[in-house]
Amino acid sequence: LENREACCEGTRAPPVEPIWAAQLSQERLIFVAGSEDKGVRNSLLQLCDLQCYVPGATCDLKIGVAARQAAGQEGQNPSLNLAHAVVLALYERRRQLWHVHKHL
């Protein structure tokens, strides 16, 4: 959820989409979030239909601290922490549900 780089790739991994491109308005839905350091176990991830992430601003961390400071950029990590990403996912589900019920 935190960023695109946190998603798993591979033949058994579910597809990956930005959170607002995912269909979250179905009646039954479960969000799965792993720990900050290890993520979701592969055995659980393989049971999922989709991996979603919150897109962040592009920030090339490879340029180094001095180059980022010279460019006026602060911070070391362009991703959200897990709690913030989960809150955004829940908000997006609520927004989609409101939109569906508004047009019934």
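Helices here are DSSP runs of H or I at least four residues long, and strands are runs of E of at least two, numbered from the N terminus. With that in hand, colour the chain by secondary structure: you should find three helices and two strands. Keep in mind that you're looking at a predicted model. Walking from the N terminus, the elements go β-α-β-α-α. If you switch to colouring by accessibility, 22% of the 104 residues count as buried.

**Stop one: helix α3**

Select residues 82–102, which make up helix α3. Start at its N-terminal end, where Asn81 acts as the cap. Draw a distance from the side-chain oxygen of Asn81 to the backbone nitrogen of Ala83, and the value to expect is 3.0 Å.

Now put a distance between the end C-alpha atoms of α3: they are 30 Å apart. That agrees with the 30 Å that its 21 residues should span at 1.5 Å a residue.

Next, look down the axis. The buried residues of α3 are Leu82, Ala85, Ala89, Glu92, Arg93, Gln96 and Leu97. Seen from this angle, they fall within an arc of 130°, so they line one face of the helix. Turn to the face pointing away from that buried side and you'll meet the exposed residues Val87, Tyr91, His101 and Lys102.

**Stop two: the salt bridge**

Stay on α3 and show the side chains of Glu92 and Arg95. How many salt bridges does a search of the whole structure find? Just one, and it is this pair, with the closest N and O atoms 2.6 Å apart. Side chains of opposite charge can pair when their charged atoms come close.

Why are these two well placed along the helix? Glu92 and Arg95 sit three residues apart in α3, so about one helical turn separates them. As a general rule, an α-helix has 3.6 residues a turn, so residues three or four places apart point the same way.

Buried or exposed? Glu92 counts as buried because its relative accessibility is 8%, under the 20% cut-off. Arg95, at 36%, counts as partly exposed.

**Stop three: the loop between β1 and α1**

Move to the loop that runs between β1 (16–18) and α1, and pick out Glu36. At 47% relative accessibility, Glu36 counts as partly exposed. Add Ala83 to the selection: the two are 47 residues apart in sequence, yet their C-alpha atoms are 9.2 Å apart in space. You've met Ala83 already, since its backbone nitrogen is the partner of the Asn81 cap.

Val32 belongs to the loop between β1 and α1 too. Its relative accessible area is 33%, which makes Val32 partly exposed. Measure across to Val86, and you get 9.2 Å between C-alpha atoms for residues 54 apart along the chain.

**Last stop: the largest pocket**

Keep Val32 selected and add Cys48, Leu50, Gln51 and Cys52. Of the 31 residues lining the largest pocket, these five lie nearest its centre. The elements giving two or more residues to that lining are α1 (42–45) and β2 (51–53). Turn on a surface to see the space itself, about 810 Å³ of it.

Notes. Residues are numbered from 1 along each chain as its sequence is written. This is a predicted model: local features need pLDDT of at least 70, side-chain atom pairs count only at pLDDT 80 or more; totals for chains, interfaces and linings use all residues. Side-chain values use heavy atoms; hydrogens and water are left out. A salt bridge is a side-chain nitrogen of Lys or Arg within 4 Å of a carboxyl oxygen of Asp or Glu. Buried means under 20% relative accessible area, exposed over 50%, partly exposed in between (1.4 Å probe, protein chains only). The expected span of a helix is 1.5 Å times one less than its number of residues. The arc is that of the directions from the helix axis to the C-beta atoms. A polar contact is a pair of N or O atoms within 3.5 Å; within protein, one must be able to donate a hydrogen and the other to accept it, and residues adjacent in sequence count only if both atoms are side-chain atoms. On a 1 Å grid over the protein atoms alone, a cavity is a set of points where a 1.4 Å probe fits but cannot get out, and a pocket is an open set with protein on both sides within 12 Å along at least five of seven lines; lining residues have an atom within 4 Å of a point. Grid points are joined across faces, edges and corners, and a volume is the space filled by probe spheres set on the points.
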